[in-house]
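Here's a quick briefing to read alongside the structure. Have the viewer open and click through as you go.

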Amino acid sequence: MTFEELKTQLGSWLAVNTTRLPDTTRGFVVNLSMRELLRKYDLTFGENKATVAVVVPTVEYNLPTGYSRPYELWYLSSEDGKVTLQSLTREEFTQRFEANTDAGPPSHFTIWGDKLILNYPDGSYTLYFDHYRLLPDLADGSPN
């Protein structure tokens, strides 16, 4: 079903014409509903993967576009294989790492505002960030 068909169905379901419920409002309701479903439920449509290129001495990185919540943050180590970073609340992270500048492999992270914050890295790493995201709004003429 296309975006245009969804908007038409919404008008039919509510038994209103485009004067009473304009096309732009119908589109807003459809996109709002889509965002709300992705916020509440772990649907496959919201699953996403991003990479984070970690470099010394940077500890803060921008979150991926549309980021909603984390699933797993990990990297591959030649000694340990897959290493999964532990998520901490902002308060726990601050107590544990704020004043600590001892470098080490990434082991913990927190999310604050629009930033992913890591413990102080000792080198370059490629992190794989599995997360849920909100999809971009649907638009007229979209093929999907």
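What follows is a short tour of two helices, a surface patch and two single residues. Keep in mind that this is a predicted model. Helix α1 covers residues 3-14, and its buried residues pack against α2, residues 23-40.

**Helix α1**
- With 12 residues at 1.5 Å each, α1 should span 16 Å, and its end C-alpha atoms sit 17 Å apart, which agrees.
- Phe-3, Lys-7, Leu-10 and Gly-11 are the buried residues here.
- Look down the axis of α1 and those buried residues fall within an arc of 95°, so they line one face of the helix.
- Right after α1 comes Ala-15, with a positive phi near 55°.

**Helix α2**
- The 18 residues of α2 should span 26 Å at 1.5 Å a residue, and the end C-alpha atoms are indeed 26 Å apart.
- Buried in α2 are Arg-26, Gly-27, Val-30, Asn-31, Met-34, Arg-35 and Leu-38.
- The buried residues of α2 have three packing partners: α1, β3 (67-77) and β8 (125-133).

**A nonpolar patch on the surface**
- Leu-37, Tyr-41, Leu-43 and Phe-45 together make a nonpolar surface patch of about 420 Å².
- One of them, Leu-43, is found in the loop between α2 and β1 (47-54).
- Leu-43 has 32% relative accessibility, so it counts as partly exposed; the partly exposed class runs from 20% to 50%.

**Pro-105, in a loop**
- Pro-105 lies in the loop that links α3 (90-97) and β6 (108-112).
- Its relative accessible area is 40%, which makes Pro-105 partly exposed.
- Setting aside neighbours within four places in sequence, Pro-105 contacts Tyr-75, Asn-119, Asp-122 and Tyr-125.
- Leu-85 is 20 residues away from Pro-105 in sequence, and their C-alpha atoms are 9.8 Å apart.

**His-131, in a strand**
- His-131 belongs to strand β8, and β8 is one of the elements that the buried residues of α2 pack against.
- At 2% relative accessible area, His-131 is buried, as the cut-off for that is under 20%.
- Not counting residues up to four places away in sequence, His-131 touches a list of residues including Gly-46, Glu-47, Asn-48, Lys-49 and Ala-50.
- Also among the contacts of His-131 are Pro-64, Tyr-67, Arg-69, Pro-70 and Tyr-71.
- Thr-24 is 107 residues from His-131 along the chain, with 30 Å between their C-alpha atoms.

Key
Residues numbered from 1 in each chain as written. Predicted model: local features only at pLDDT ≥ 70, side-chain atom pairs only at ≥ 80, totals over all residues. Heavy atoms only, no water. Helix = DSSP H or I, 4+ residues; strand = E, 2+ residues; numbered from the N terminus. Expected span 1.5 Å × (residues − 1). Buried < 20%, exposed > 50% of the residue type's maximum accessible area, 1.4 Å probe, protein only. Arc of directions from axis to C-beta. Contact = heavy atoms within 4.5 Å. Patch = residues over 30% accessible without salt bridge, like charges linked within 9 Å, V, L, I, M, F, W, Y side chains within 5 Å. Areas by Shrake-Rupley, 256 points an atom, 1.4 Å probe, with all protein chains shown as cover. Salt bridge = Lys/Arg side-chain N within 4 Å of Asp/Glu carboxyl O.
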